[in-house]
Amino acid sequence: MNYFPLFADLRGEPVLVVGGGTVAERKIAPLLEAGATVHVVARKLNAQVRAWADEGRLNWVANEFSDSMVHDVLLVIAATDDETLNRRVSRAAKAAKRLVNVVDRQELCTFITPAVIDRSPLQIAVSSNGTSPVLSRRVRQAVEKCVPFSFGTMAQLAAEARDDVKTALPDLARRRLFWEQLFDGVFADYCAQGRLNDARRELKQRLAADTPPQGSVCLVGAGPGDAGLLTLHALHAIQAADVVLYDALVSDEVMRLVRKDAEKICVGKRAQGHQVRQEETNRLLLEHARRGRRVVRLKGGDPFVFGRGGEELQVLADAGIPFRIVPGITAALGATAYAGIPLTHRDYAQSVQFITGHCRADGSDVAWQNFAQNNQTLAVYMGTIRAAEIAAQLIRHGRAADTPVAIISNGTRRNQSVISGRLDRLADLAARAEAPALMVIGQTAALHGQLDWFGKRD
């Protein structure tokens, strides 16, 4: 280990920065955030550094550097494009036993600044010992995805209660167990939702009564298949869950990201395949939440777009189970984007409709006249089984028989395929399509041939 990792309290401490350009600006900004008293030496300042000086946030002390300036400061940073000056600053600082950093010159430094993930008061630093700052930033970006923003809130509330917890639980082992259970429980959900008063109350109740942790449910949209389309909130939720109830439409790629020791229960619903009754899914959600577990209900696409998410949350609300919602990218957005089919286009479609193909056989429960308008794109979920009825109803109500259509199977996944054709051949096309599939009807469907960019072409 070439460098000793250290977090310094710079509040009110003097720091000297030699340089006033863009590089210096990047160094000054975190110093100001940390509360340091920044003294700048530079012949001229860029717009941002000058603005800080005009606002009184830093001191522009001189145009030229002199060696004596390092004596009254804690840290020294050289951020100029003058190699001779940078070396002079480094020599003066080292002679005065001051820590010095020279930008992009590791051999002139006695300290380096790491890439930082800031979830104040929680901070994570990543360093390559100055050998590769770009690689450090890449690692920081990877770690950033795994650290929810709410961790900072959790750390803040934990700091507030630290003395109370120490008094109530003097035994270190019990205290550690308390914090682990608290951070894994509904307290974390309240912090993620910004419900700080509820989080504080939960902490106090758990501390006073030593009650078992309260369970909760997180309704998560897994997107159409490509795990890269998961939101950060979704990734954090599935990696923190004790139990995951997932649909058949959730891709294996996404499921591999679920916490390894979580219990995984398939409650999949797929046409003409194994199905778990909705009542049984509701029962499982209640059962596991009441056992104090962190439950994720993982649904393909977005849980509020033909996903019965609202129905399941009503059951939880009636039972008094805490819940939160993490939306996902619905199939109509993800699959069409990966197929190169814009849902709207100034020349072809000024509106888009999301409809479900799960209608009665006679189609009487759908106002087809509203869907048969020109200059409109239809995205039909779960419609391949009813393709013949859907096409007949649209043509009957005025949609042209030669309207372009596309059927996207396994949208956004490696085995995605797209079948294109005309509305009057929709049933034949649907018979060839692999499930799960999304049907797109409208003039923009014809753009697939021009804009296709992902996976196999027709």
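**Entry 1: Val23**

I began with Val23, which counts as partly exposed because its relative accessibility is 28%. I note here that the model is predicted. I located Val23 in helix α1, residues 22-33. Setting aside residues up to four places away in sequence, I found that Val23 touches Ala79 and Val103. I then consulted the UniProt record, an unreviewed entry, which places the feature "binding site" at Thr22, Val23, Arg43 and Lys44.

**Entry 2: Arg43**

From the positions in that annotation I took Arg43 next. I asked whether Arg43 is buried or exposed. Arg43 has 65% relative accessibility and therefore counts as exposed, the cut-off for that class being over 50%. I traced Arg43 to the loop between β2 (37-41) and α2 (47-54). With neighbours within four places in sequence left aside, I recorded contacts of Arg43 with Trp60, Asn63 and Glu64.

**Entry 3: Ser128**

I returned to the UniProt record for Ser128, where the unreviewed entry carries the annotation "modified residue: Phosphoserine". I found Ser128 in the loop between β7 (122-126) and α4 (133-144). I asked how the relative accessible area classes Ser128. The value is 18%, so Ser128 is buried, since the class takes in residues under 20%. Apart from neighbours within four places in sequence, I listed Pro133 and Ser136 as contacts of Ser128.

**Entry 4: Val254**

I looked up Val254 and found this residue in helix α10, residues 252-255. Val254 counts as buried because its relative accessibility is 0%. Which residues is Val254 in contact with, leaving aside neighbours within four places in sequence? I recorded Ala222, Gly225, Ala227, Leu230, Ile238 and Leu298. For Ala222, which lies 32 residues from Val254 along the chain, I noted a C-alpha separation of 7.2 Å.

**Entry 5: helices α5 and α8**

I turned to helix packing. Two packed helices are described by the angle between their axes and the distance between the axes. For α5 (residues 150-168) and α8 (residues 196-209), I recorded axes that come within 11 Å and cross at roughly 25°. The pair is therefore roughly parallel, as angles under 35 degrees are classed that way. I noted the crossing of α5 and α8 as right-handed. On the α5 side I listed Thr153, Leu157, Glu160, Ala161, Asp164, Val165 and Ala168 as making the contact. On the α8 side, the contact is made by Leu196, Ala199, Arg200, Leu203 and Leu207. Sorted by class, the contact of α5 with α8 has eight nonpolar, one polar and three charged residues.

**Entry 6: helices α11 and α12**

I took up α11 (residues 278-290) and α12 (residues 309-319), whose axes come within 10 Å and cross at roughly 40°. I asked what orientation α11 has with respect to α12. The crossing angle makes α11 oblique to α12. I entered the crossing of α11 and α12 as right-handed. From α11, I found Gln278, Thr281, Asn282, Leu285, Leu286 and Arg290 at the contact. These residues meet Glu311, Glu312, Val315, Leu316 and Ala319 in α12. By class, I recorded five nonpolar, three polar and three charged residues in the contact of α11 with α12.

Notes
Residues are numbered from 1 along each chain as its sequence is written. This is a predicted model: local features need pLDDT of at least 70, side-chain atom pairs count only at pLDDT 80 or more; totals for chains, interfaces and linings use all residues. Side-chain values use heavy atoms; hydrogens and water are left out. Axes are lines fitted to C-alpha atoms, for helices over the stretch in contact, and angles run from 0 to 180 degrees between N-to-C directions. Helices (H or I, at least four residues) and strands (E, at least two) are DSSP runs, numbered from the N terminus. Angles under 35 degrees count as roughly parallel, over 145 as roughly antiparallel, 65 to 115 as roughly perpendicular and the rest as oblique. A crossing is left-handed if the near helix is turned anticlockwise from the far one by less than a right angle, and right-handed if clockwise. Contact means heavy atoms within 4.5 Å. Ala, Val, Leu, Ile, Met, Phe, Trp, Tyr, Cys and Pro count as nonpolar, Asp, Glu, Lys and Arg as charged, and the others, Gly among them, as polar. Buried means under 20% relative accessible area, exposed over 50%, partly exposed in between (1.4 Å probe, protein chains only). UniProt positions are given in the numbering used here, feature names are shortened, and annotations may be inferred rather than shown by experiment.
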